[in-house]
Protein chains: 2
Amino acid sequence: MSGIHLNDREPTMREVAALAGVSLKTVSRVINQEAGVSSELNERVQNAVRQLNYQPNTTASNLRRADQRTATIGLILDDVSNPFSSVLHRAIEDVASQHRTLVFAGSSGDDPKREEELILALAARRVDGLITVPASRASGELKQLQRLGKPVVFVDRLATIHTADSVTVDNRAGGSAAVRHLAAHGHQRIAFLGDIHDLWTAAERYLGYVEGLAMAGLRLDPSLVRQDVRNMETAEQAVLELLARENAPSALFTAQNLITIGAIHALQRMGRQHQMALIGFDDFLLADLLDPRVSVIAQDPARLGRLAAELLFARLGGDTRPTQQIVLPTRLIARGSGEIPIT
Amino acid sequence: MSGIHLNDREPTMREVAALAGVSLKTVSRVINQEAGVSSELNERVQNAVRQLNYQPNTTASNLRRADQRTATIGLILDDVSNPFSSVLHRAIEDVASQHRTLVFAGSSGDDPKREEELILALAARRVDGLITVPASRASGELKQLQRLGKPVVFVDRLATIHTADSVTVDNRAGGSAAVRHLAAHGHQRIAFLGDIHDLWTAAERYLGYVEGLAMAGLRLDPSLVRQDVRNMETAEQAVLELLARENAPSALFTAQNLITIGAIHALQRMGRQHQMALIGFDDFLLADLLDPRVSVIAQDPARLGRLAAELLFARLGGDTRPTQQIVLPTRLIARGSGEIPIT
DNA sequence: TTGAAAGCGCTACCAA
DNA sequence: TTGGTAGCGCTTTCAA
């Protein structure tokens, strides 16, 4: 059997109208459930629709429609397959589906060029709005979108556009809390491993680290700071190096979920998981089943996503209040790895 | 500052034409990079485009375009936030982006009603094709899509439509291998925990379980079979019950990633993780860092996704070969939990 | 090489 | 309550 099928051409409203013996406009009324169609004509149209298997063409209706809505939004994540991002995605989808809206999802890979491409592609398809985890601090394309009246919501990370709603967590407080918690267990040499330093979250968590050290009265040792750690493998390598050096740290603050996991790989490989204290930013599946159980600064990605989507749809619904900058707290979950005392 | 912005209205081709002092058609030629525009007019148009910040409207161009392409595909997963699904998603996105195509992603929640809604919503937006992890075995909407010439590719799971390409793994062989591996370590009472029994993968893995028992010369004990286990919590509960009964199993075959994780929760809670053998279907992050390390029947979701997307785009490129049913092998990764001998 | 006119499938507006 | 006509932003067709 062939993979490509009889190209029947999709039935149009005009064809439905012809079959039902009514005008085009009457079919339009029935499809859009407008009031003022007699139940008899309604019935006839419905029958014709069924008979022809008619599917309304949203893309055509949108063209003419006054509000120009496509019932479509864009979502730009760093990576749709990252566990944190994908939970965010699901929460947004759930809100969108309540508004009969479909979600274009894309991965920027934290690459400003790819991010720009995505924004342009979404704009070309006339999405009603955009939720984005911005990779770059400033984006002309984004401003362009806003100028056209499309609402933009930042989630998880901030950009320098201050005219958009945002939902983030208090990364700095979380980072600071992690460091102070480690310090409270006697640690003085606490290493920092963070994502690309240009990302807002990575920068904020680093600031939290710096603040936390200061509050604990500890000196910042630049040789214990590893920025631009971009994935699990790099993280594992970085921790192996830290472990190998003389004057090694006694505790790690890993500022992102995949970095934490890479670090655990390194610790287990060296059999040091019970000596080296560890707190990771972001909770993750199975953190509570590892040995030792992993202490984390937890966020609630589902809540972040839901709030971001609700903000977006509020704007689409006509909400013109001042832009909101929602900042959610983080929560330190002490499970064991963060409470390993200094030896 | 207000959250909604000056509604500038998007510039149209007509406006670009007016500014450049050329006809609408000339602008169209430039935008679509058609041959036969003098470099002088080309330049003038480009300038006008930049000056007005013109963004082509794909949705309008599609309406008139002969091939009716929207450069958009649909992707229906069970849950975009499931680690397996989200890796599949990313692989598909990567192929799609090479074809300058955007992906609508949606979660069916393995609910046929929601799946149908999604298909209709995607059809209304005139996606060029659809990749789906089918929740239901048969779908009229899907056939409808195909009749309109839209290619459909099944991935991970099969449905009863045989006129579509598909990419799956040999679930039955994988299930059978898992059971025989456990039997080879002396186990005779091997429990099965599977997803909703109506799902193709769940059914196939169960058949593999049955076959494996038969090949190992073991009797199938229905009281050791738990089907319709729908999430981590249910799985944990089911394992707790199995552990509590007299004549408990000595080994578990957990036929899906979240079920495996739920089972591990239960085992650790009862301190039985070193007595009860366990093999899970699907590999997962951290399986190699747990204690014991978790043996799995691994698939390659990224490869599944890539192949599915390549098949779809081949069809969109005019490939009319007979439909393909690609079946990839699984791989048993012995890490420890599956090699715990009977006590 | 360039442009004018028609029309993609639909909704808005107004008349019957 | 119903329908005709115009037109959304673009591509197609054909003529200049």
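**Close-ups of a predicted model: DNA strand C and helix 10**

**View 1. The protein surface near DNA strand C, by residue type.** In this predicted model, the residues on that surface split into 10 nonpolar, nine polar and seven charged. There are 26 residues around DNA strand C, and the closest are M13(A) and Y54(A) from chain A plus T26(B), S38(B) and R64(B) from chain B. On the DNA side, sugar and phosphate make up 59% of the strand C atoms that come within 4 Å of the protein.

**View 2. Polar contacts to DNA strand C.** Look for S28(A) here: an N or O atom of its side chain sits 2.8 Å from a phosphate oxygen of the strand. S38(B) also reaches a phosphate oxygen, this time with a backbone N or O atom, at 2.6 Å. R29(B) goes for a base instead, with a polar side-chain atom 2.8 Å from a base oxygen. The elements giving two or more residues to the surface near strand C are helix 2 (24-31) and helix 4 (58-64), from chain A and from chain B. Helix 4 of chain A chips in the most, with four residues.

**View 3. Helix 10 of chain A, end to end.** Residues 232-244 form this 13-residue helix, which spans 18 Å from first C-alpha to last, close to the 18 Å expected. N231(A) caps the N-terminal end, with a side-chain oxygen 3.1 Å from the backbone nitrogen of E233(A).

**View 4. The buried residues of helix 10 of chain A.** M232(A), A235(A), E236(A), A238(A), V239(A), L240(A), L242(A) and L243(A) are buried. Their cover includes strand 6 (190-193), strand 7 (225-226), strand 8 (251-254) and helix 11 (257-270) of chain A.

Note on methods: Residues numbered from 1 in each chain as written. Chains lettered and ligands numbered in written order. Predicted model: local features only at pLDDT ≥ 70, side-chain atom pairs only at ≥ 80, totals over all residues. Heavy atoms only, no water. Expected span 1.5 Å × (residues − 1). Buried < 20%, exposed > 50% of the residue type's maximum accessible area, 1.4 Å probe, protein only. Contact = heavy atoms within 4.5 Å. Polar contact = N/O pair within 3.5 Å; in protein donor to acceptor, adjacent residues only side chain to side chain. Near = heavy atom within 4 Å. Nonpolar A, V, L, I, M, F, W, Y, C, P; charged D, E, K, R; others polar.
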